[in-house]
Structures are given as C-alpha cells and as structure tokens.
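Here is a walk through one protein chain, for anyone meeting this structure for the first time. Have a look at it below, and then we'll go from the loops to the inside.

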Amino acid sequence: MKKFVFSLLIATFVVLSSSISYAANWQWVTSDDLYGIFFDTDTIRYLSTPDSPIDETTIICWEKCIHTQKAADKIATAMEDPSLRNLKHTIELKAYSLSERRYIIIKVAGYGHDGKLLFEIDGSKKPLLIYPDSRAEALYKSIRDYASRHHDELVEHTLRD
C-alpha cells in the first residue's frame, strides 16, 4: 500500500511539473492603480525571416496587462461595450524595433474574470513611436535590457520556433 501511495505521489508530481513547464513566465515591468504590466520570458525571441534567420534588431514578445476593475470600467465606457466591465487582462503580441524605438502590435486578446476570451483582434501593423516617460518606454527598456542579459536564450527561442 505504501508503494502504491508513493507511486501515485510521484506520478502526480511528474504530471504537475510537466504542465507547469509549459506555462508562461511573466516578468513584472510596472504597475499603478489601474494596470499591472508584464512580458513573457518563455516566448521572447528575435525576429526570424527567410532572409535573416536571426534579426537581433527586432524582439518579438507577448505582454500581459492586468486591469483593475476601475480600468475595466473606463475601457468599457470608452468603447461603449458593457461586456468589457468583466475584462481581467489583455495579452498582446508585439514586435519591438530596437534601432527605431518603435513597436508594432501583431495581435491582441482580452480575457474576462472567468478566463473566457472576450475579444481577439489583429494589430494594425503600423509602427508606433515609443514616447519618453511612457508605459511603452518602460516596457521597451525592460525588454531590451532582458534581451541584452539573456541573448543566448533569445537565440535559442528564435531557432526553436
């Protein structure tokens, strides 16, 4: 009986640890009374194209913005969509151009408190300027610095995808 319980405990540990290994690893960047901003260190990578397998001037990463209820209410009012009052967080896939200090939003998804997808939209593909002292600049600097410290990891992520 002890062997069975021990085996069951080991099996449970293996299953839990393997599912955890595929989870995102959100790195905190900044927060205030409306938002908490993070980026995913498990999927951050350099741009890869047929012409350039690794373009170290452009970083691709997922970002997460957790919204307080006050923020969700403001968004719902601005968008004239009451369902957005249930907005818990948004996830955005962005490409940062290090040389131009600009970024492109590739994809945006919003999730409610129940974990259900509220919306999913494609980005505009239009480069947006990173303004000094903005939330975008805080993200840009954090992502740029992370990439500098973890260059080999980003190369590995790029080649893996």
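Where is the place of Arg 101? Arg 101 sits in the loop between β5 and β6. Keep in mind as you look around that this is a predicted model. Arg 101 has a positive phi of about 50°, although it is not a glycine. With a relative accessibility of 27%, Arg 101 counts as partly exposed, because buried means under 20% and exposed means over 50%.

Glu 80 is another residue to look at for its backbone. Its phi is near 55°, again a positive value in a residue other than glycine. You'll find Glu 80 in the loop that links α2 (69–79) and β5 (87–97). Glu 80 is exposed, and its relative accessible area is 72%.

**The overall layout**

Now let's step back. The protein chain has four helices and eight strands. Starting from the N terminus, the order of the elements is α-β-β-β-β-α-β-β-β-β-α-α. The chain counts 161 residues, and buried ones make up 33% of them. Take the contacts with a separation of 6 or more: 54% of these are between residues 24 or more positions apart.

**Pairs brought together by the fold**

Some pairs that are apart in sequence can be compared by the distance between their C-alpha atoms. Here are three of them:

| Pair | Separation in sequence | C-alpha to C-alpha distance |
|---|---|---|
| Tyr 111 and His 89 | 22 residues | 5.5 Å |
| Lys 70 and Leu 34 | 36 residues | 6.5 Å |
| Gly 115 and Lys 88 | 27 residues | 8.3 Å |

Start with Tyr 111, which belongs to strand β6. Tyr 111 is partly exposed, at a relative accessible area of 24%. If you skip its neighbours within four places in sequence, Tyr 111 is in contact with Asn 86, Leu 87, Lys 88, His 89, Ile 91, Lys 116, Leu 117 and Leu 118.

Lys 70 is part of helix α2. Its list of partners, once neighbours within four places are left aside, is made up of Asp 33 and Leu 34.

As for Gly 115, look in the loop between β6 and β7 (117–122). Gly 115 has 48% relative accessibility and counts as partly exposed.

**Inside the core**

Which residues of the largest nonpolar core touch the most other members? That core holds 24 residues, and the ones in question are Phe 39, Ile 44, Ile 59, Tyr 96, Ile 143 and Leu 154. At least two core residues each come from β2 (35–40), β4 (55–67), β6 (102–112), α3 (135–149) and α4 (151–160). The largest share, six residues, is supplied by α3.

Ile 143 is a handy place to start exploring. Neighbours within four places aside, Ile 143 is in contact with Phe 39, Ile 44, Ile 59, Cys 61, Glu 63 and Tyr 96.

One of those partners, Cys 61, is buried, with a relative accessible area of 1%. Cys 65 is buried too, at 11%. How many disulfides does the model have? The count comes to zero, going by cysteine sulfur atoms within 2.5 Å.

**Helix α3 and its partner α4**

Let's finish with α3. Its 15 residues, at 1.5 Å a residue, should span 21 Å, and the end C-alpha atoms are indeed 21 Å apart, so the two values agree. Its buried residues are Ala 136, Glu 137, Leu 139, Tyr 140, Ile 143, Tyr 146 and Ala 147. As background for reading that list, an α-helix has 3.6 residues a turn, so residues three or four places apart point the same way.

How do α3 and α4 pack, and at what angle? The angle is about 95°, and the axes of α3 and α4 are 5 Å apart. Angles of 65 to 115 degrees count as roughly perpendicular, so that is how α3 and α4 lie to each other. On the α3 side, the contact is made by Tyr 146, Ala 147, Ser 148 and Arg 149, while α4 brings in His 151, Glu 153 and Leu 154. Two of these names should ring a bell: Tyr 146 and Ala 147 are also among the buried residues of α3.

Definitions and conventions
Residues are numbered from 1 along each chain as its sequence is written. This is a predicted model: local features need pLDDT of at least 70, side-chain atom pairs count only at pLDDT 80 or more; totals for chains, interfaces and linings use all residues. Side-chain values use heavy atoms; hydrogens and water are left out. A nonpolar core is a set of buried Ala, Val, Leu, Ile, Met, Phe, Trp, Tyr and Cys residues joined through side-chain atoms within 4.5 Å. Buried means under 20% relative accessible area, exposed over 50%, partly exposed in between (1.4 Å probe, protein chains only). Contact means heavy atoms within 4.5 Å. The expected span of a helix is 1.5 Å times one less than its number of residues. Axes are lines fitted to C-alpha atoms, for helices over the stretch in contact, and angles run from 0 to 180 degrees between N-to-C directions. Angles under 35 degrees count as roughly parallel, over 145 as roughly antiparallel, 65 to 115 as roughly perpendicular and the rest as oblique.
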